[in-house]
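Here's a quick look at one protein chain and its ligand. Have the structure open as you read.

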Amino acid sequence: MPSRGPSPLRPAFSTSLGGASFKVDPMSPVADELHPVIHAGRVAVITGAANGIGRAAALELAKLGLKVALADVVEDRLAETGREVTAFAGEGNVLVIPTDVSKIEEVVRLKDKVYEAWGEVAVLLNNAAIGPSGTSWAGLDNWHKTFAVNVFGVLNVQQTFVPSMIHQENPSVIINTGSKQGITNPPGNTSYNASKAAVKSLTEGLAHELRQQPTQNLTAHLFIPGWTYTALGGALHPKDTDQKPPGAWSAEETVLYMLDKVREGEFYILCPDNETRREIDELRVMWAAGDIVEGRPALSRWHPNYKSVFEEYMKEGLASLD
Ligand SMILES: NC(=O)c1ccc[n+]([C@@H]2O[C@H](COP(=O)([O-])OP(=O)(O)OC[C@H]3O[C@@H](n4cnc5c(N)ncnc54)[C@H](O)[C@@H]3O)[C@@H](O)[C@H]2O)c1
């Protein structure tokens, strides 16, 4: 059982690492156990916590000694995850709050319950999402469902929690879960891609707006998982099977990577997996931006006329790194 830190209602951290003016200096990383946000005794709220990445984050943060509020729309699975998390966090340190993030009144109830119980939020992982298929001119119902959860769900949580979090004395973080599909836009599920592009945009805007705040005590982060073996990961990558494919990361691996990058203060938390290393993602992102700059057709990466040019670009790009 991890040691419990002092009350989250304690005065602001007073060491040179903490306090209202705390900033993570990427050149001198803070030792994990001293990080003022991901810290025993503080509070995490996770949406989409019943399964996959949200569940893995809940377990990891509980192991680190944080109190954890779990929110998800699937109640029986959420209760089960609640029991698993309680085994690490202990009774009284876990809240299981069934919540549909697409319904603002349920998100307000979530926030009220967390603040009533623990008086603060240090880590807000805005993670719930769905991926029903919607192409450009079909599946309008799925577009509505996808945007209701992936965009308005994220916004509901952000707009409900941020006004309280910015006034907290101790530093805190909001982590919105985006996707590489919201950046490079691979063909297959346009509605999901568009929803994740919106999450990227609104999280960048949030980060900027938070930087204008006098205390700058709350920072925003865009979490961009790689291929992660979860229910949604399977739907997004049809070659998925009952067993974790070698190319995917487990949810635990993705969460541990994400937490390290939050500790380092990174905004864009671009996660690799066993199939795609960071350099490959960087080249793909540059190529996607190059469609605009170079005047190529949209999504030229998947255009037959550009197939060999793209392959050559990747080959040369990777060779220049070796
Ligand atoms: N798995 C991947 O490869 C991958 C890649 C990139 C991004 N992501 C993102 O990671 C996040 C977590 O996904 P995951 O892979 O763990 O999927 P998952 O399906 O295992 O978990 C998503 C959770 O969100 C919950 N949820 C759905 N609608 C909800 C609602 N209206 N209110 C509250 N909860 C709701 C689900 O019940 C589920 O427990 C998502 O934002 C997803 O888009 C995943």
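What follows covers the sheet, the helices packed on it, the core and the ligand shell.

## The sheet

Keep in mind that this is a predicted model. Its sheet is open and built from seven strands, ordered S3-S2-S1-S4-S5-S6-S7, with parallel pairing. At the edges sit strand S3 (94-98) and strand S7 (268-270), each with a partner on one side only. Going from one strand to the next, the twist averages 15°.

To see one pairing up close, look at strand S2 (residues 67-72): five bridges tie S2 to S3, and the two run parallel. Across that pair, Ala71 stands opposite Ile97 of S3.

## Helices on the sheet

H1 packs against the sheet, where it touches strand S1 (43-47), S2 and strand S4 (123-126). The direction of H1 makes about 170° with that of S1. Helix H3 (residues 104-118) lies across S1, S2 and S3, and runs at about 165° to S3.

## The core

The largest nonpolar core takes in 68 residues. Ala44, Ile46, Ala58, Val68, Leu70 and Val123 have the most contacts inside it. Pick Val123 and skip its neighbours within four places in sequence: Val123 is then in contact with Val37, Ile38, Ala44, Leu61, Leu66 and Val173.

## Around the ligand

The ligand has 30 residues around it, and the closest are Gly48, Gly52, Ala129, Leu232 and Gly233. Helix H1 (52-63), helix H4 (140-165) and helix H7 (231-236) are the elements giving two or more residues to this shell. H7 gives the most, with four residues.

Sorted by class, the shell holds 14 nonpolar, 14 polar and two charged residues.

Conventions:
Residues numbered from 1 in each chain as written. Predicted model: local features only at pLDDT ≥ 70, side-chain atom pairs only at ≥ 80, totals over all residues. Near = placed C-beta within 6 Å. Nonpolar A, V, L, I, M, F, W, Y, C, P; charged D, E, K, R; others polar. Core = buried A, V, L, I, M, F, W, Y, C linked by C-beta atoms within 7 Å. Buried ≥ 20, exposed ≤ 12 C-beta atoms within 10 Å, placed from the backbone. Contact = placed C-beta atoms within 7 Å. Pairing = 2+ DSSP bridges. Axes fitted to C-alpha atoms, helices over the stretch in contact; angles between N-to-C directions.
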